[in-house]
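Follow this walk through a protein model, one site at a time. Keep the sequence and the 3D view side by side.

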2 protein chains.
Amino acid sequence: VAGEIVFVGLGLNDELGMSLRGLEEVKKANEAFIELYTSLMPNFSIKRLEEISGKRVQVVSRKELEDEDGEKILSAAKSGKVVLLVPGDPLIATTHVALRVRAEKLGIKTRIVHGASIVSAVIGLSGLHNYKFGKSVTIPFPNKTLSETPYEVIAQNKSLGLHTLCLLDIDVEKKRYLSISEALNLLLKIEEKKRQRIITDETPVVGVARAGSDGAVVKAGFLSEIIKYDFGQPPHSLVFPGRLHFMEAEALIVLANAPEEVRRLVE
Amino acid sequence: VAGEIVFVGLGLNDELGMSLRGLEEVKKANEAFIELYTSLMPNFSIKRLEEISGKRVQVVSRKELEDEDGEKILSAAKSGKVVLLVPGDPLIATTHVALRVRAEKLGIKTRIVHGASIVSAVIGLSGLHNYKFGKSVTIPFPNKTLSETPYEVIAQNKSLGLHTLCLLDIDVEKKRYLSISEALNLLLKIEEKKRQRIITDETPVVGVARAGSDGAVVKAGFLSEIIKYDFGQPPHSLVFPGRLHFMEAEALIVLANAPEEVRRLVE
């Protein structure tokens, strides 16, 4: 096997989110594939990417990557240099780790060109300190049963004084994106059942919309205010702060327009 | 105040780690500053950055940013468009959040162009699932007193079945970089004192060196092996796995050359 797969992170928002090294890798590739279903890049254009890279870029679907085990990419990579473009930082989505493992088992070399991730972007935009975040969680669309996992993760982090990053579910194929207010309503429903007073009108929340775009919006406050706030177009994310350092409270007030009352969360 | 500060993330390793949008911002700036002390970018060249951007780039020291409150940058930003280039994703270092808060209070607009962060890079390279990481921690150089915080964070995460990302301290000005084996030896010293059997020869560990470079090394195994492993040049990072999903064990074996015995950590 002489080929290789280079996983290139697209970073955030649009085709300019990719690193300079990522663009070089696309230019040198024999074949370039892209998946755009694991994260929403609201202003991304394949046409513009093809213009700046001079390379035809083939879209691969969830079905091709997951149900068909990435067969199309793996067979192209047996003999040539293949680039797979992935939103954000490429190995944060577990599906790409699985593809990487399959490739290496077949003797195909793999390399990573990292990109900006929604994880570090939202943490940075929130103004909160990175090392005070606990486990993160995705809030899924409501299904027949309502997942209690996000509520439990927030509760566990709060009991340790830690912040929680919540990514909100997306279904790019169906153009469905969970919004901040929908996510908060789901958590309030779980609260009704559990009654642990983890999610109430007075719970401090930071909402982040369109991280990585020029129109990024960051707004902090108490749940009763944030649930009614108009964050605009997706993607949306949420942060539930735990105990605050006084510099974190200051950042929430100055950078995320939080009410002065958040200072009472300072430990 | 008519000016603005754009915080541009440099991403990882060298000047090609920056995003295409980041480069555009540097080209459009009236003045460009850079700090290179919060993370080590081993192959970074200011000269090459100046060549690709066509812009003179001024280095700012820790003293100028922290002791002098970024006065130089703030005064340049009062009237013009200033770019501050920062390793990784720009707001992960708390010192830049503080500068952003000061700027906004002075009426200077701020924007962020995100970059790849060592945080998501190491998590991705480890092959472990992002949502199973707990609180992260930096292991500091040994001082008069040995900090027990890293040990306590690892212990707390382990008790919850979670993984721990440990960044290792650096002092770019003094060219000192904590290595994986030095960090493990520090943790063993704390173990001697605490005797909770959190850090032993049998503790599973993932070492990552030079994330984001073509020579990135990822090696997983038990502490007695990793402490002797030659990871080469800095920067180094560490991950302490908690309980493993079977796909995580598979990834550690295939991607990080872990011994088959890590399968016994599967829950």
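The second largest cavity has a volume of about 100 Å³. This is a predicted model. Both chains contribute to the walls of this second cavity: chain A supplies S19(A), R21(A), I112(A), V113(A) and H114(A), while chain B supplies L12(B), G17(B), A116(B), G212(B), S213(B) and D214(B). By class, that lining holds four nonpolar, five polar and two charged residues.

Now step back to the full set. How many cavities of 30 Å³ or more does the structure hold? There are 10. The largest of them has a volume of about 180 Å³. Its lining counts 16 residues. Nearest the centre of the largest cavity lie I123(A), F133(A) and G134(A) from chain A, with I123(B) and G134(B) from chain B. Which elements give two or more residues to this lining? They are α6 (118–126) of chain A and α6 (118–126) of chain B. Sorted by class, the lining of the largest cavity has eight nonpolar residues, six polar ones and two charged ones.

Next, turn to a pair of helices from the two chains. Two packed helices are described by the angle between their axes and the distance between those axes. Take helix α10 of chain A, residues 246–256, and helix α5 of chain B, residues 94–105. Their axes come within 10 Å and cross at roughly 40°. Why is α10(A) called oblique to α5(B)? The crossing angle is roughly 40°. Angles under 35 degrees would count as roughly parallel, and 65 to 115 as roughly perpendicular, so this pair falls in the oblique class. The crossing of α10(A) and α5(B) is left-handed.

Look at the side of each helix that makes the contact. From α10(A) come M247(A), E250(A), A251(A), V254(A) and L255(A). From α5(B) come V97(B), A98(B), R100(B), V101(B), E104(B) and K105(B). The contact of α10(A) with α5(B) has seven nonpolar and four charged residues, and no polar ones.

Finish on chain B, with one loop residue. Where does K55(B) lie? K55(B) sits in the loop between α2 (46–53) and β3 (57–59) of chain B. Leaving aside residues up to four places away in sequence, K55(B) touches V26(B), K27(B), A29(B), A32(B) and E50(B). N30(B) is 25 residues from K55(B) in sequence. In space, the two are 9.0 Å apart, C-alpha to C-alpha.

Methods: Residues numbered from 1 in each chain as written. Chains lettered and ligands numbered in written order. Predicted model: local features only at pLDDT ≥ 70, side-chain atom pairs only at ≥ 80, totals over all residues. Heavy atoms only, no water. 1 Å grid on protein atoms, 1.4 Å probe; cavity = no way out; pocket = protein on both sides within 12 Å on 5 of 7 lines; lining within 4 Å. Points joined across faces, edges and corners; volume = space filled by probe spheres on them. Helix = DSSP H or I, 4+ residues; strand = E, 2+ residues; numbered from the N terminus. Nonpolar A, V, L, I, M, F, W, Y, C, P; charged D, E, K, R; others polar. Axes fitted to C-alpha atoms, helices over the stretch in contact; angles between N-to-C directions. Parallel < 35°, antiparallel > 145°, perpendicular 65-115°, else oblique. Left-handed = near helix turned anticlockwise from the far one by under 90°. Contact = heavy atoms within 4.5 Å.
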